[in-house]
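Good morning, colleagues. Please bring the structure up on your screens, and I shall go through the sheet, the helices and the salt bridges in turn.

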Amino acid sequence: HKEESFNVFKLASDLYYRENFHSDIMKAFLDPNGNHNEGNLFLYAFIDFLNAHFPNEPYISKFDYRNATAVRESGKIDILIKSEESKHCIIIENKINNARDTWRQLPKYYDLMTNQGFHVDAIIYIPLDESKKPDQSSWNENDINHVKPLLCCVPAYGADHNLVDNWIHPCSLLSKNIDCVLILRQYGELIKLLKLNSMNNILLEKFHQAILSNPENLATAIS
């Protein structure tokens with residue numbers, strides 16, 4: 001068991017389990033116009049991460065996001081990074097709380113933005129860990145041809161490439177704003193704690209099922 005660190009997010013409230021909580025934090029850093037006063041630093045670091053770890057996906061040009069904004073819940077999209085100038089965008093779907101996908105969820109977001117004249121550079125899917133994948137059971141052939149090539153699954157923590165090690169931690173080293181540095185460090189530790197709790201829950205569930213499967217297992221466990 002990893003000893004829990006002194007963390008401002010846990011001290012403030014218990015809302016850190018909710019999806020909106022994480023989307024709000026990510027949006028605050030990804031938005032070049034945010035109060036962090038670091039301009040495109042965090043957004044460009046995110047684009048560099050995608051280009052480096054998803055070489056088979058379409059290359060994303062930072063030039064297309066010189067005057068970008070990040071918005072929340074635009075057409076029900078968790079986080080939308082877009083440039084009205086270049087008409088390029090990046091769609092981010094946050095699944096850190098392990099919520100189920102709705103019917104054609106990612107394709108609907110793709111259709112929404114392309115119908116507005118935007119070129120979708122990537123669709124980022126962020127589960128807590130690598131075990132959760134996008135549900136493609138409701139996708140049609142057109143969705144598979146157009147949406148699947150843009151899909152980048154980025155676990156919050158635990159895989160070879162993840163949000164903590166490949167974006168949050170590097171951003172904490174790049175930033176000159178001490179408030180940003182501290183928030184990023186604490187947020188990264190919070191995600192690690194959520195991943196640890198998730199693993200513990202899985203182990204407890206397996207133990208519970210083993211006990212229920214055979215009465216002798218209960219007697220053995222008690223002894």
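Strand 3 and strand 4 (residues 119-127) run parallel and are joined by eight bridges. Helices (H or I, at least four residues) and strands (E, at least two) are DSSP runs, numbered from the N terminus. Within this pair, I91 stands opposite I123 in strand 4.

I should state that this is a predicted model, in which local features need pLDDT of at least 70 and side-chain atom pairs count only at pLDDT 80 or more, while totals for chains, interfaces and linings use all residues. Residues are numbered from 1 along each chain as its sequence is written, and side-chain values use heavy atoms, with hydrogens and water left out.

Now the sheet as a whole. It is open, with five strands in the order 1-2-3-4-5 and mixed pairing; two strands pair if DSSP finds at least two bridges between them. Strand 1 (69-74) and strand 5 (151-153) are the edge strands, each pairing on one side only. On average, neighbouring strands are turned by 20° against each other, direction ignored. Helix 4 packs on this sheet and touches strand 1, strand 2 (77-83), strand 3, strand 4 and strand 5, contact meaning heavy atoms within 4.5 Å. The direction of helix 4 makes about 155° with that of strand 3; axes are lines fitted to C-alpha atoms, for helices over the stretch in contact, and angles run from 0 to 180 degrees between N-to-C directions.

Next, helix 3 (residues 41-53). Its 13 residues reach 18 Å from first C-alpha to last, close to the 18 Å expected at 1.5 Å a residue, where the expected span is 1.5 Å times one less than the number of residues. Its buried residues include F42, F46 and F49; buried means under 20% relative accessible area, exposed over 50%, and partly exposed in between (1.4 Å probe, protein chains only).

How many salt bridges does a search of the whole structure find? The search finds twelve, each a side-chain nitrogen of Lys or Arg within 4 Å of a carboxyl oxygen of Asp or Glu. D143 and R104 form one, with the closest N and O atoms 2.8 Å apart. This pair links distant parts of the chain, 39 residues apart: D143 lies in helix 5 (residues 141-146), and R104 in the loop between strand 3 (88-95) and helix 4 (105-115). Both D143 and R104 are buried.

K95 and E93 form another, at 3.3 Å; K95 is buried at 2% relative accessibility, and E93 at 1%. Finally, D24, R72 and E73 are linked in a network of salt bridges, in which R72 meets E73 at 3.2 Å, N to O. E73 is partly exposed, at 39%.
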